[in-house]
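These are my notebook entries on one protein model. I set down what I looked up, in the order in which I looked it up.

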Amino acid sequence: MPAAHPAERGPSERQIRILDAAESVFARAGFHAATMQDVAAEAGMSPGNLYRYFASKDAIIAGMAERDRTLIAADFAGLDPARGSVLDQLEALGRRHLVDEPREKSIIALLIWAEAARNPAMAQMCASIDGTVVGGLAQAIAGAKANGELPSNLDDARFLQAIFMMADGFLCRRATDPQFDPAMAAETLFKAMRGLAHVLLQPEPGSVSA
């Protein structure tokens with residue numbers, strides 16, 4: 001049967017074990033070379049038992065994507081201006097997903113992006129995750145502008161675009177370069193983001209944009 005929707009009750013302990021096993025297998029072998037038997041072996045169960053939870057590799061990939069989307073949404077929902085700097089909280093969230101997660105997560109992201117270029121179902125998964133991230137970032141940026149951490153005339157659309165491009169590039173480098181130092185790169189990434197927040201501004205009324 002298909003994975004339960006995490007928004008309803010979350011994946012079961014067995015489903016989490018399968019998803020974790022699938023991430024390891026897919027990161028090593030890729031989506032196409034990996035088999036359901038490989039995932040079952042990694043999860044320590046029989047293929048027949050695996051099929052009780054996920055009918056196919058596509059169903060597993062969908063479960064992985066939805067689990068990530070739900071976790072990201074929960075992280076953004078946890079941001080609270082009452083707990084201090086919104087930007088500091090946002091940076092801590094970014095480090096949790098970009099640095100603290102194992103390198104395999106970056107490899108999986110790269111595999112999904114490659115598939116999304118020709119697979120509409122994969123493209124839909126990416127769009128769903130992107131939508132969750134955009135919504136969370138937009139709300140966080142609004143909060144940071146309201147409390148004076150970010151300029152009130154920040155060009156939100158361009159700032160979000162810049163954040164996406166830098167974060168995506170970060171994941172690509174981490175996935176393809178075994179020597180990549182995510183902690184050091186994160187320092188550069190977040191300093192650049194904070195700097196851009198004071199450059200990507202809306203033009204003043206009546207001014208001519210370059």
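The entries below cover salt bridges, cysteines, pockets and the nonpolar core of this model, which is predicted.

**Entry 1: Salt bridges**

I began with charged side chains. Side chains of opposite charge can pair when their charged atoms come close. My search of the whole structure returned 15 salt bridges.

I then asked which residue forms a salt bridge with D156. The partner is K145, and the closest N and O atoms of the two are 2.9 Å apart. D156 belongs to helix α8, which spans residues 156-176, and K145 belongs to helix α7, which spans residues 120-146, so the pair ties together parts that are 11 residues apart in sequence. I also looked up how far each partner is open to the surroundings. D156 is partly exposed, at 27% relative accessibility. K145 is likewise recorded as partly exposed, with a value of 21%.

My next pair was R158 and D155, whose side chains meet in a salt bridge at 4.0 Å from N to O. Are these two buried, partly exposed or exposed? R158 counts as partly exposed, with 42% relative accessibility. D155 counts as buried, because its relative accessibility is 10% and the limit for buried is under 20%.

The third pair I noted is R173 with D177, where the closest N and O atoms lie 3.7 Å apart. R173 has a relative accessible area of 47% and is partly exposed. D177 is partly exposed as well, at 22%. I also found a network: D20, E23, R67, D68 and K105 are joined into one by salt bridges that share partners.

**Entry 2: Cysteines**

How many disulfides does a search of the whole structure find? The count is zero. I wished to know why C126 has no such bond. The closest cysteine sulfur to that of C126 is in C172, at 11 Å, which is too far for a bond. For comparison, the two sulfur atoms of a disulfide must be within 2.5 Å. C172 is accordingly in no disulfide, with the sulfur of C126 as its nearest cysteine sulfur. I recorded the accessibility of both residues. C126 is buried, at 12%, whereas C172 is partly exposed, at 27%.

**Entry 3: The largest pocket**

I turned to empty space. Rolling a probe the size of a water molecule over the atoms shows where empty space is left. The largest pocket holds about 1,000 Å³ of space. It is lined by 38 residues, and those closest to its centre are I72, H97, L98, V133 and L171.

Which elements give two or more residues to this lining? They are α4 (57-77), α5 (86-100), α6 (103-116), α7, α8 and α9 (182-196). Helix α5 supplies the largest share, eight residues. I sorted the lining by class and obtained 26 nonpolar, three polar and nine charged residues.

**Entry 4: The second largest pocket**

The second largest pocket has a volume of about 170 Å³. Among the residues that line this pocket are F76, L79, P81, G135 and Q139. Helices α4 and α7 each contribute at least two residues to the lining, and the largest share, five residues, is from α7. By class I noted six nonpolar, four polar and one charged residue in this lining.

**Entry 5: The nonpolar core**

I looked last at the largest nonpolar core, which has 31 residues. Which of them touch the most other members? They are F76, L98, L137, L150, F159 and F170. The elements that give two or more residues to this core are α4, α5, α7, α8 and α9. Helix α8 gives the most, with seven residues.

F76 held my attention, since I had already listed this residue in the lining of the second largest pocket. F76 is found in helix α4. With 10% relative accessibility, F76 counts as buried. I also compared its place in sequence and in space with that of G94: the two are 18 residues apart in sequence, and their C-alpha atoms are 10 Å apart. L98 likewise appears twice in my notes, as one of the residues closest to the centre of the largest pocket and as one of the core members with the most contacts to other members.

How values were computed. Residues are numbered from 1 along each chain as its sequence is written. This is a predicted model: local features need pLDDT of at least 70, side-chain atom pairs count only at pLDDT 80 or more; totals for chains, interfaces and linings use all residues. Side-chain values use heavy atoms; hydrogens and water are left out. Helices (H or I, at least four residues) and strands (E, at least two) are DSSP runs, numbered from the N terminus. Buried means under 20% relative accessible area, exposed over 50%, partly exposed in between (1.4 Å probe, protein chains only). On a 1 Å grid over the protein atoms alone, a cavity is a set of points where a 1.4 Å probe fits but cannot get out, and a pocket is an open set with protein on both sides within 12 Å along at least five of seven lines; lining residues have an atom within 4 Å of a point. Grid points are joined across faces, edges and corners, and a volume is the space filled by probe spheres set on the points. Ala, Val, Leu, Ile, Met, Phe, Trp, Tyr, Cys and Pro count as nonpolar, Asp, Glu, Lys and Arg as charged, and the others, Gly among them, as polar. A nonpolar core is a set of buried Ala, Val, Leu, Ile, Met, Phe, Trp, Tyr and Cys residues joined through side-chain atoms within 4.5 Å.
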